[in-house]
Every structure is written in structure tokens, then in C-alpha cells.
Amino acid sequence: MNRITDWGRLPDGRTVHRITVARGGLSLTVSDFGCCITALETPDRQGRPGGVVLGYDTLADYFRDDVYMGAVVGRYANRIAGAAFPLNGRRYQLTKNEGRNTLHGGSGFHKRLWNAEAWEDGVRLTYLSPDGEDGFPGNLAVSVEYSLREPGALSVGYAAESDRDTVLSLSSHSYFNLNGGGPVFGHRLRLEAPAYTPVDSENIPTGEIRPVDGTPFDFRGDRALGSFPYDHNFALSPGGGPKVVLYAPESGRRMTVYTDLPGLQLYTGRGLSPRQGRDGALYGPGMSVCLETQFYPDSPNRPDFPSPVLPAGRRFESRTIFRFDTV
Ligand code: BGC
């Protein structure tokens, strides 16, 4: 089933929509503002449906939001050092929005109104980013498809094409809490990541790809998240198997993540300052976990990292799947 409703208007008068699709126990609500997941419900161990992502009640909350709540971030997820990068012998200067660096694309895709089309069990959102937007080269046609076609799974398919060589890294910035609320310290995490990319005081990668052995970054065995304030990119093992398993013993919900992207930001929301969320819930640090599949941060300035360059005229396609069950 699907349901499309008007959600309100932007200050410039354009109408924003909310779209709900449901299938086989999963219910997903997205908005065309920010290509955002505003709600995702899955059954718990007893079969009772409940929310697994943080969100707000109103469009005004999303308009004001400063933490990329549920949004698709782009053109470049995470940070680009010095808000600049070289490509084809030219230097591109980007919008600075975190000190002297660029975070999540600058003014970003999360504040754009996308075009939405929905069907029985899916929604496709498209956005045309003009050449030079936030400083990035190329007219970029981007689409994000949220699909519940596979029972129990949310599949996020990214596609894009540019008319000039450019760089691209799209990510979904959902804040997961598999108990629906409360701290996530007891969530258990497994990450197929033998290494991570250490950062400096501005959260810019130093360039090193450091093995996780013997550090708090080693999640190759299953263990509790704990209270360490994670905000780090992991180098995922190659191959098609599951890259992340997140499990909440309380609710019994388990989420298994598959992706073809090389990196994943593990972020436990240290920057999520206390605020009111959906249905009066209070949110703060340590109450959710973001698992942002991505190219490594600052790759446009790091020839040693997997390349995020999208050549002109070539179609970019990538998929991240969030599969839910209970144990
Ligand atoms: C980044 C954090 C940042 C947050 C913004 C995350 O993807 O890794 O450093 O504070 O986004 O909400």
C-alpha cells in the first residue's frame, strides 16, 4: 500500500509531501524535503510494530534541523578538508559549513526539495543539482529509490549521472534505535571492518588506514556499543556478505546491513544536542546510532582512498540494504 499526503509548505511556497509505503511488517515514511526517512517501523520479538529511527513531528522541525535527521546527505557525505579538492588539474572551492571544511555537501541535498513518485512498495526521489551547486562541478541528476520489495528489508538504491567529471558520495543519515528509544549502549554491533581512518582535531582523516586490532574500533566479534563516542569511518571488508549486524537484546530486533560502498561512518550522536523528537520523546547523545555507508571522508583529496570520482556520462549505481528480523 502507499499513501501520499501534503505535509506543509516551504517558506518559498512549494508543497512538501510525506509518503508512506508498507509491506510485510515494515512501514516506511519518507519526505521529499531532504529525501528524508521520517519514520521506519518494524516488529519487535513479540510481533509488535515500533519505530527504529529517530525523527521529528513537523516539517518545521526538519526545516530547522541541524543534524541531518534521516536525510540523504550529498553531494559529498562527510568531510572535505579545506572545502576544496583538485580534479583534472583544477581546484574546486566548496561551501564551508564546518569551520574551514565542508560537511555533508555544504548547504546540501538534505535541505532540497526532491521530486517523488511512489508505487505499491517503493518510492523514488529525484533531484537535479545544477553545475556549481555548493561548488561541485557538473549538472548532476540523482535518484534515490527506497524499496520494501524484499520482505523484511529496506533497500536504498542510489543512481546518478553528471555531464562533467565530478565527485560523489551519497549516504543515508538515519539515527537508529532498535528499541525505539532510550540509550543504545546495550545494542550489540558486529562490523566487518579490519581498519578505520583516524582523524585529526577537525575530524579530517590523517590519511592512515589503521588496523582495528586491539582498539575500541574492533567490532569484528559481536560486542556491546558501550558509551565510547564513536564518530569514525571504517574501511569495510570487500565482498558481498553482511557488513554490519546491529542487535538490540531488549526488543529482539536485529538489523543486518549490506552495501557495495567501501566505507561506513559509525556515529553515536555526540553532536545530537538535547532536543524534542517525535511524540514528545527527548533525544540526546548516545540514544541512537548512525551507520552511514559512504566513500571515505575527504577522498577527493586522498588519492590513496577508494576513488569517489564519477566521470562525465557514466551512470553511478550503488545499493545499501537494511534487513530486519528478530531473535
Ligand atoms: C558526522 C558527525 C556530524 C554529524 C552531523 C555525522 O555523519 O560524522 O561528525 O556531527 O554527521 O549530524
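Where in the chain does Asn203 lie? Asn203 sits in the loop that runs from strand S18 (195-197) to strand S19 (210-211). Welcome to a short tour of this predicted model, which takes in the overall fold and a few backbone spots worth a look. The protein chain is built from one helix and 29 strands.

**Overall shape and make-up**

- The radius of gyration of the protein chain is 19 Å, which agrees with the value near 20 Å that a compact globule of 327 residues would have.
- Measured out along the principal axes, the C-alpha trace spans about 60 × 55 × 35 Å.
- Of the 327 residues in the protein chain, 55% are buried.
- If you take the contacts between residues at least 6 apart in sequence, 66% of them join residues at least 24 apart.

**Surface and charge**

- About 12800 Å² of the protein chain is exposed, and carbon and sulfur atoms supply 50% of that area.
- The side chains include 35 positive and 37 negative ones, and the centres of these two sets lie 1 Å apart.

**Backbone spots to check**

- As background, most peptide bonds are trans, and most residues other than glycine have a negative phi.
- The bond joining Gly74 and Arg75 is a cis peptide bond, with omega at about 5°.
- Arg75 belongs to the loop between strand S6 (72-73) and strand S7 (79-80).
- Asp134 is not a glycine, yet its phi is positive, near 55°.
- The loop between strand S12 (122-129) and strand S13 (140-147) holds Asp134.
- Asp134 has 12% relative accessibility, so it counts as buried.
- Asn203, the loop residue from the opening question, also has a positive phi, of about 65°, without being a glycine.
- Because its relative accessibility is 18%, Asn203 counts as buried.

**Around Ser129**

- Ser129 is found in strand S12, the strand that comes before the loop with Asp134.
- Is Ser129 buried or exposed? Its relative accessible area is 0%, so Ser129 is buried.
- A polar contact of 2.4 Å links the side chain of Ser129 to the side chain of Glu133.
- Setting aside neighbours within four places in sequence, Ser129 is in contact with Arg75, Phe109, Gly138, Asn139 and Leu140.
- Arg75 in that group is the residue joined to Gly74 by the cis peptide bond, so to speak a link back to the backbone spots above.

Key: Residues numbered from 1 in each chain as written. Predicted model: local features only at pLDDT ≥ 70, side-chain atom pairs only at ≥ 80, totals over all residues. Heavy atoms only, no water. Helix = DSSP H or I, 4+ residues; strand = E, 2+ residues; numbered from the N terminus. Buried < 20%, exposed > 50% of the residue type's maximum accessible area, 1.4 Å probe, protein only. Polar contact = N/O pair within 3.5 Å; in protein donor to acceptor, adjacent residues only side chain to side chain. Contact = heavy atoms within 4.5 Å. Rg over C-alpha atoms; globule rule 2.2 N^0.38 Å. Areas by Shrake-Rupley, 256 points an atom, 1.4 Å probe, with all protein chains shown as cover. Lys, Arg positive; Asp, Glu negative; His and termini not counted. Charge placed at Lys NZ, Arg CZ, Asp CG, Glu CD.
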